[in-house]
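Me: Please show the model, and then let us discuss its buried residues, its cysteines and its salt bridges.

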Amino acid sequence: MRGPDAYPTVSGVAAAARVLTRRHPDLCRMRLAGESRAGRPLWLLSVGRGSRHVLVVAGAHPDEQAGGATVLWLAEQAVHDRQRTAEADLTWDFLLCLDPDGTVLNETGPAGPRPPAVHYRHTYRPAAAEQPERAGLFRAPGDELPETLALLAVIDELRTVRLCSLHGTDVGGSWVRLTTDVPGLAEPFGKYAAELDIPVQTGAYDALFRPSPGPGVYVLPPAGAPERAASGPAYAPGSTWTRPQRYGGLTALVETPMW
């Protein structure tokens, strides 16, 4: 049984989203975006009626579980700010969990604070070729994961202008990776981190070769420039992160300390 401070489960997030759609049927709707490899539903919750779509993805890495609670909070804020959302001609779309098969494996084990040895004994993280956002780097055409295809289909259908992928880090502070620079982002990012007493990560292996316009913000380097160490493949080419660029959009990967 999960304690009161545990991350919400995959089924719990979906149930809460359904409650939100019943409470605000004029603004919220929920539909199936696809199925996982094991046949679990990939739910898409939409808030708003605007023509411009912002897509927020939770559960891309099943061991980084803060995304489920985050999308529910963001959806409630979008409902609360319905006038501003309408004035901006926006629809907020929330993919509640991109990898439910892996995430449910992390729902076992003792809840609440636990030492590292216990934590990692009950933690599952798939190999890179099984991670929906990055699987295209490692899999041959025609062998794509159904989760990957579902995410790409949603981006193409909605012509997503902003994609935000929610991640978590075991140690260190918070930071964000961008496919395109957002001028001035570092200042509010640092401000909100300070208000929440979260350190800003000013050095990260995953962003080792990326230009940094400000503390905690890293941008995809220009084509042909190294993106990471030669010992591993580049993250962006072949991933789902660059797909919104087809529609003049960009992707932000937000890393939040899981503590």
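Me: Is Asp 101 buried or exposed?
Reply: This is a predicted model, in which local features need pLDDT of at least 70, side-chain atom pairs count only at pLDDT 80 or more, and totals for chains, interfaces and linings use all residues. Residues are numbered from 1 along each chain as its sequence is written, and side-chain values use heavy atoms, with hydrogens and water left out. Buried means under 20% relative accessible area, exposed over 50%, and partly exposed in between (1.4 Å probe, protein chains only). Asp 101 has a relative accessible area of 15%, so Asp 101 is buried.

Me: Which residue meets Asp 101 in a salt bridge?
Reply: A salt bridge places a side-chain nitrogen of Lys or Arg within 4 Å of a carboxyl oxygen of Asp or Glu. For Asp 101 the N to O distance is 2.9 Å, and the partner is Arg 40.

Me: Why does the pair of Asp 101 and Arg 40 tie together parts that are apart in sequence?
Reply: Helices (H or I, at least four residues) and strands (E, at least two) are DSSP runs, numbered from the N terminus. Asp 101 lies in helix α4, whereas Arg 40 lies in the loop between β1 and β2, so the parts tied together are 61 residues apart in sequence.

Me: How accessible is Asp 99, which meets Arg 37 in a salt bridge?
Reply: The side chains of Asp 99 and Arg 37 meet at 3.9 Å, N to O. Arg 37 counts as partly exposed at 36% relative accessibility. Asp 99, by contrast, is buried, with a relative accessible area of 2%.

Me: Why is Cys 28 not in a bond with Cys 164?
Reply: A disulfide is a pair of cysteine sulfur atoms within 2.5 Å, and a search of the whole structure finds zero of them. Cys 28 counts as buried, at 4% relative accessibility. The closest cysteine sulfur to that of Cys 28 is in Cys 164, too far for a bond because the distance is 19 Å.

Me: Which element gives the most to the largest nonpolar core?
Reply: A nonpolar core is a set of buried Ala, Val, Leu, Ile, Met, Phe, Trp, Tyr and Cys residues joined through side-chain atoms within 4.5 Å. The largest has 18 residues, of which Leu 45, Val 47, Val 71, Phe 94 and Leu 96 touch the most other members. At least two residues each come from α1 (10–23), β2 (41–47), α2 (66–80) and β5 (162–169). With five residues, the element that gives the most is α2.
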